[in-house]
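Please take me through this model in the viewer, one selection at a time, and tell me what is to be found at each stop.

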Amino acid sequence: MKKMLTAMACTLALGTSVYAGPPKDNCGCGLGSIAFEGKEGLMSQTLAGTTNALFCNQLFGITTGTLGCEKAEEFMDARAIIKNNMDQLAIDISNGNGEVLESLATALEIDNVDMFANQLQDNFDKIYTSDEVTSEAVTENILGVAKS
Amino acid sequence: MGSKLFTIITSLCFTTILLAEDITEKEYIHVKYMESLVKKANEKKLYEKEYWRIIVHYEKNWAFITESQVDDPNFFMSPEGKHNPQAELDATIRGFFLAPDEVKERRDHPLERFPLRFKWLCKELNIDKTKTAYDHPKIIQDFIDDYEPDYIKLVFPSAYINSPASMFGHTLIIIKSKKKTDFSSISISWAARAGADVNSFIFAFKGLVGGYKGVYENIPYYIKLQLYSDMSQRDIWEYKLNFNKDEVENLIYHLRELEGINTDYYFFTDNCAYDLLFLFEAARPSEKMTEDYTTHVIPIDIVRTAEDHHLIESEKFRPSRATQIQQMREQLPPENVKIAQDAAETGDNTKLEAIEDPMLQAKTYDLAITMLKYNYNKRQLMDKQTYQKRFFALVRKKNKLPQTNWQYEPPISPHKGHETGRISYGIQGRNNGHDLLMFSWTPAYHELIANQRGYQNGAEIQFLDTWFSYDIDDNEIQFDHVDFLKVTSLGPRDDFFKPYSWQAAFGVDNEYFKDYDDINYEAYGQMTFGLTYATNKETLVYGLTGFDARYSGYYKDNFAGALGGKAGILSNLNELLRLSIEGNAFYYSLGDEHGRWEVRCDLGYALTEDTEIRTYLSREKDYMGHQTLYGLQMVHHF
């Protein structure tokens with residue numbers, strides 16, 4: 001009851017994001033490096049409690065590429081898309097199309113999206129090797145398929 | 001003579017010190033050229049120009065004094081900047097000549113912090129950029145070169161039934177990159193900084209009275225979508241704006257100027273939505289949008305304004321998971337809907353696997369998967385292991401089935417619904433009292449009886465609904481009643497969706513203790529819960545039960561408290577005609593013991609999008625006795 005009333009009141013007052021805690025100052029590495037990581041093998045994360053990681057005072061740090069990053073990672077944007085859309089990506093791959101799939105193809109600079117979609121669909125079980133597959137493993141598997 | 005000289009010398013010193021503060025405290029380059037530009041700017045009276053007003057957000061306040069809508073001192077180059085456009089302009093020009101050594105990092109330099117002011121002033125004054133501290137704002141330009149902005153989208157997450165307050169909604173923008181999809185582009189929205197009291201009444205209360213500061217945040221759109229904890233329920237509207245390349249650049253430049261700038265959060269003035277209008281005006285100054293608003297801006301009004309000013313090129317509807325489920329169900333045979341739901345709820349896919357037609361099977365799998373996700377994300381009906389197991393069991397099989405393409409029918413866009421404010425006038429007849437003329441005003445938002453176009457059926461939120469009456473015989477105007485807040489959520493239940501319905505209201509009501517022509521008042525609060533069912537797409541049947549409390553000096557113990565309930569029918573007889581029949585009864589056993597009931601019928605007819613005519617008939621037993629009321633009202637939304 002209390003939870004519902006609080007929720008009502010909060011929703012009433014705000015339709016917007018809320019953060020506790022201070023914002024990050026140096027966001028130069030960009031948001032590609034941020035992922036909502038749940039536990040190992042978690043397919044779908046709940047995002048409550050992880051929003052503070054994103055609160056950055058700078059609007060326009062470098063958002064793509066590796067400028068300003070200490071640890072440059074290949075395919076940072078693609079990794080972030082995969083990590084943060086695990087469920088919907090699996091659904092898109094199984095259907096051979098979809099927004100997440102298209103965004104991933106764009107991030108990997110793949111022109112022939114249909115061929116990419118077919119490749120992933122054919123290799124579904126090689127990508128999602130078990131029900132408890134981790135997001136890291138899925139990422140590596142997809143990148144493996146993409147590179148081939 | 002001596003004291004006069006002393007005064008002159010002291011004032012001269014004082015003035016010199018004041019002037020000196022501006023310049024000699026910090027080091028500037030090309031000072032003579034800088035001052036010549038300041039002189040030229042003042043000769044041309046640039047501080048009076050419309051574009052300067054827009055980009056520093058100057059407006060006339062309630063006392064007709066010019067001041068910037070922004071409070072944060074970091075937004076101004078001059079300590080007087082908030083109130084003095086001229087001082088701000090002079091200080092801004094000087095800022096471009098601040099020696100680079102004077103700032104810790106390049107991004108803190110005024111030229112970097114105010115790229116739109118730099119761009120505009122360079123054009124107006126033909127500034128020689130070889131003489132300014134830098135020749136261009138590198139930080140923002142590097143971003144633009146790297147990101148390749150294409151177009152801007154205005155995004156509006158619309159209301160959903162169990163949160164009528166979500167009708168107020170929220171607005172954010174997407175900056176689409178040529179190198180990304182909409183989905184993976186950045187979204188810019190306003191975020192409040194709440195500190196430790198997130199998720200408490202203190203938080204809600206402070207938000208109402210302006211206790212929080214907020215800034216803009218930059219988050220990939222796909223993450224922002226997930227951050228709406230009610231994502232499963234909320235449809236999203238995306239409106240593509242028709243800004244050209246230069247306009248998009250100016251908008252981004254202005255966002256950079258607002259980066260990290262704190263805005264005080266006031267629920268009612270909702271600066272976060274209002275700021276967007278300044279962004280749009282900075283992009284397209286020929287469209288005057290900020291002038292349309294004074295005290296409050298509800299986010300959906302931003303969409304209306306954008307349309308009125310011809311900024312919207314196209315709209316896209318992004319259905320919530322709940323909407324997807326509802327529409328998928330309509331497109332599948334009932335037995336397939338049942339198969340999908342059973343599979344989602346039990347994990348037993350035998351019946352799914354037995355479906356013969358491959359396309360029908362694929363679609364049924366889609367529904368099962370969507371229901372499973374809804375049950376997990378929104379209802380948290382299972383643990384993660386169970387979810388993963390069921391999820392993969394469905395998706396691995398789906399992988400081998402034909403591709404499906406669902407077409408989702410968008411409802412009418414929320415910005416095409418009636419306007420948010422309302423006034424009404426009409427007559428009320430009473431069987432045992434004088435006839436009255438009735439007038440009402442409310443700043444927001446939507447009543448159950450109002451035409452539902454663009455709104456959710458069964459959702460209501462009314463704020464400061466204020467009524468006055470004019471007694472024709474006594475020739476007397478009096479305050480009649482006010483609902484400070486009334487919120488209703490009648491979400492229909494079915495096999496899959498099982499929301500609770502509720503209503504909360506408090507305000508000052510009229511009451512009669514001696515004579516039906518002698519009005520008195522009572523404070524009241526009411527809260528009820530219950531269930532609603534949809535007998536068809538147009539009709540809701542509901543029942544609620546709860547408590548009601550009344551306070552008035554006329555009551556024994558000044559108070560009456562009741563348990564009771566209400567039941568009713570809400571129906572769209574056709575697109576324009578809406579019917580409400582409701583009965584309620586409350587027995588006040590606490591305080592001044594008495595019972596009350598009411599049976600009421602309302603009929604509303606929409607003459608235009610924003611005009612309605614309504615009639616009602618009510619029979620009630622109140623504190624004093626019985627009354628029959630009937631009336632006719634003209635309603636205007638504005």
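Two residues are in contact here when heavy atoms of theirs lie within 4.5 Å. With that in mind, and remembering throughout that this is a predicted model, begin by selecting chain A. Among its contacts between residues at least 6 apart in sequence, 64% join residues at least 24 apart. Colour chain A by secondary structure, and you should find seven helices and one strand, which follow one another from the N terminus in the order α-β-α-α-α-α-α-α. Of the 148 residues in this chain, 51% count as buried.

Before leaving chain A, select E99(A) together with K153(B), D182(B), E238(B), K316(B) and R318(B), since these residues are linked in a network of salt bridges.

Now turn to chain B and colour it by domain, with domain 1 covering 24-136, domain 2 covering 148-318, domain 3 covering 322-398 and domain 4 covering 417-637. Show domain 3 and domain 4 of chain B together; their centres, taken over C-alpha atoms, are separated by 42 Å. Eleven residues of domain 3 of chain B and six residues of domain 4 of chain B take part in the contact. The area buried between domain 3 and domain 4 of chain B is about 640 Å², and carbon and sulfur atoms give 55% of that area.

Which residues of domain 3 of chain B lose the most area to domain 4 of chain B? Select R329(B), Q341(B) and R379(B), which together account for 58% of what the domain 3 side buries.

Stay at this boundary and look at the polar side of it: between domain 3 and domain 4 of chain B there are two salt bridges and three residue pairs in polar contact, counting pairs with both residues at pLDDT 80 or more. On the domain 3 side, the elements that give two or more residues to the contact with domain 4 of chain B are α13 (321-330), α14 (334-346) and α16 (358-378) of chain B. The largest share, five residues, comes from α13(B). By character, the residues on this side divide into four nonpolar, three polar and four charged. Next, display the side chains of E330(B) and K537(B), which meet in a salt bridge with N and O 3.9 Å apart.

From here the tour moves on to other charged pairs. Side chains of opposite charge can pair when their charged atoms come close, and over all chains the structure holds 49 salt bridges. Select R107(B) and E259(B), whose side chains form a salt bridge at 3.0 Å, N to O. R107(B) sits in the loop between α4 (85-95) and α5 (110-113) of chain B, whereas E259(B) sits in the loop between α10 (245-257) and β8 (263-265) of chain B, so this pair ties together parts that are 152 residues apart in sequence. Are these two residues buried or exposed? Both R107(B) and E259(B) are buried.

Go next to D548(B) and R550(B), which form a salt bridge whose closest N and O atoms are 2.8 Å apart. D548(B) is buried, because its relative accessible area is 1%, and R550(B) is likewise buried, with a relative accessible area of 7%; the cut-off for burial is under 20%.

For the last stop, select E612(B) and R614(B), whose side chains meet in a salt bridge at 3.0 Å, N to O, and note that E612(B) and R614(B) are both buried.

How values were computed:
Residues are numbered from 1 along each chain as its sequence is written. Chains are lettered from A and ligands numbered from 1 in the order in which they are written. This is a predicted model: local features need pLDDT of at least 70, side-chain atom pairs count only at pLDDT 80 or more; totals for chains, interfaces and linings use all residues. Side-chain values use heavy atoms; hydrogens and water are left out. Domain bounds come from an automatic or database domain assignment. Buried area is the accessible area (1.4 Å probe) that two parts lose on being put together, summed over both. A salt bridge is a side-chain nitrogen of Lys or Arg within 4 Å of a carboxyl oxygen of Asp or Glu. A polar contact is a pair of N or O atoms within 3.5 Å; within protein, one must be able to donate a hydrogen and the other to accept it, and residues adjacent in sequence count only if both atoms are side-chain atoms. Helices (H or I, at least four residues) and strands (E, at least two) are DSSP runs, numbered from the N terminus. Ala, Val, Leu, Ile, Met, Phe, Trp, Tyr, Cys and Pro count as nonpolar, Asp, Glu, Lys and Arg as charged, and the others, Gly among them, as polar. Buried means under 20% relative accessible area, exposed over 50%, partly exposed in between (1.4 Å probe, protein chains only).
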